[in-house]
Amino acid sequence: MEVIGKIKLIGETQTFGSNGFRKREMVVTTDEQYPQMIMIEFVQDKVDLLNSYSVGQDVKVSINLRGREWINPQGEAKYFNSIQGWRIENLAQAAPQDLPPVDQFQPAPDLSSDEPDDLPF
């Protein structure tokens, strides 16, 4: 799955526990009739993917939806969802760059009615 939009916020890297679990969150605002602010978390080695990005950039983030169950002390099951990012692309760089000027192309030869129309439709 993918989320496309503008970076609204990039959080600091957080470290948890004795094993050094790392997490970093970002918020992307979608470009829709009703824009959504989607919080996406990057974990472990993926937190470093955000180092070269800044607020305001247009990006495409590849995500996975994660879900988990937690049993509270009363024995009731609670469910939690998260959105985990695993790749991010700068959309400004993805746009075609350095297209040749139109005048570098040869014009099409003049077509006449003598040529057969062999199109199948």
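Let me begin with one residue: Glu-25 is partly exposed, at 27% relative accessibility, where partly exposed covers the range between buried, under 20% relative accessible area, and exposed, over 50%, for a 1.4 Å probe and protein chains only. What we are looking at is a predicted model, in which local features need pLDDT of at least 70 and side-chain atom pairs count only at pLDDT 80 or more, while totals for chains, interfaces and linings use all residues. Residues are numbered from 1 along each chain as its sequence is written, and side-chain values use heavy atoms, with hydrogens and water left out.

Glu-25 has a charged partner, since it forms a salt bridge with Lys-23, and the closest N and O atoms of the two are 3.3 Å apart. By salt bridge I mean a side-chain nitrogen of Lys or Arg within 4 Å of a carboxyl oxygen of Asp or Glu. Lys-23, unlike its partner, counts as buried, because its relative accessible area is 17%. By this rule the structure has seven salt bridges.

Another of these bridges is formed by Lys-60 and Glu-2, with 3.9 Å between the closest N and O atoms. This pair links distant parts of the chain, for Lys-60 sits in strand E5 and Glu-2 in strand E1, residues 2-10, and the two are 58 residues apart. Strands here, labelled E and at least two residues long, are DSSP runs numbered from the N terminus, as are helices, labelled H or I and at least four residues long. Glu-2 is partly exposed, at 46% relative accessibility. The side chains of Glu-89 and Arg-87 also meet in a salt bridge, at 3.7 Å from N to O, and salt bridges that share partners join Glu-2, Lys-60, Arg-87 and Glu-89 into one network. Within that network, Arg-87 is partly exposed at 37% relative accessibility, and Glu-89 is likewise partly exposed, at 26%.

Let me turn to how the strands are arranged. E1 and E3 pair in the antiparallel sense over five bridges, where two strands are said to pair if DSSP finds at least two bridges between them, and in this pairing Ile-7 has Val-28 in E3 as its bridge partner. Strand E2, residues 14-16, is also antiparallel to E3, over three bridges, with Thr-15 standing opposite Arg-22. The hairpin of E2 and E3 has four residues between the strands, and in it Gly-17 takes a positive phi near 70 degrees. On to the next pairing: E3 and E4 run antiparallel and are joined by seven bridges, Arg-24 stands opposite Phe-42 in E4, and the hairpin from E3 to E4 passes through six residues. A positive phi also appears at Gln-44, near 50 degrees, in a residue other than glycine, and Gln-44 lies in the loop between E4 and E5.

Which residues touch the most other members of the largest nonpolar core? They are Met-26, Val-28, Ile-40, Phe-42, Val-59, Val-61 and Ile-88, out of 14 residues in that core. A nonpolar core is a set of buried Ala, Val, Leu, Ile, Met, Phe, Trp, Tyr and Cys residues joined through side-chain atoms within 4.5 Å. E1, E3 (21-30), E4 (37-43) and E5 each supply at least two residues of this core. As general background, nonpolar side chains in soluble globular proteins tend to be buried together. Phe-42, not counting residues up to four places away in sequence, touches a set of residues including Met-26, Val-47, Leu-49, Leu-50, Val-61 and Trp-86, a contact being heavy atoms within 4.5 Å.

Is Ile-63 buried or exposed? Ile-63 is buried, because its relative accessible area is 5%, and its place is in strand E5, residues 58-71. Leaving aside neighbours within four places in sequence, the contacts of Ile-63 include Met-1, Val-3, Ile-40, Ile-83 and Trp-86. One of those partners, Val-3, is 60 residues away in sequence, yet the two are 7.3 Å apart in space, C-alpha to C-alpha.

Finally, Ser-82 lies in strand E6, residues 77-90, and counts as buried at 9% relative accessibility. Beyond residues up to four places away in sequence, Ser-82 touches Glu-41, Asn-64, Leu-65, Arg-66 and Arg-68.
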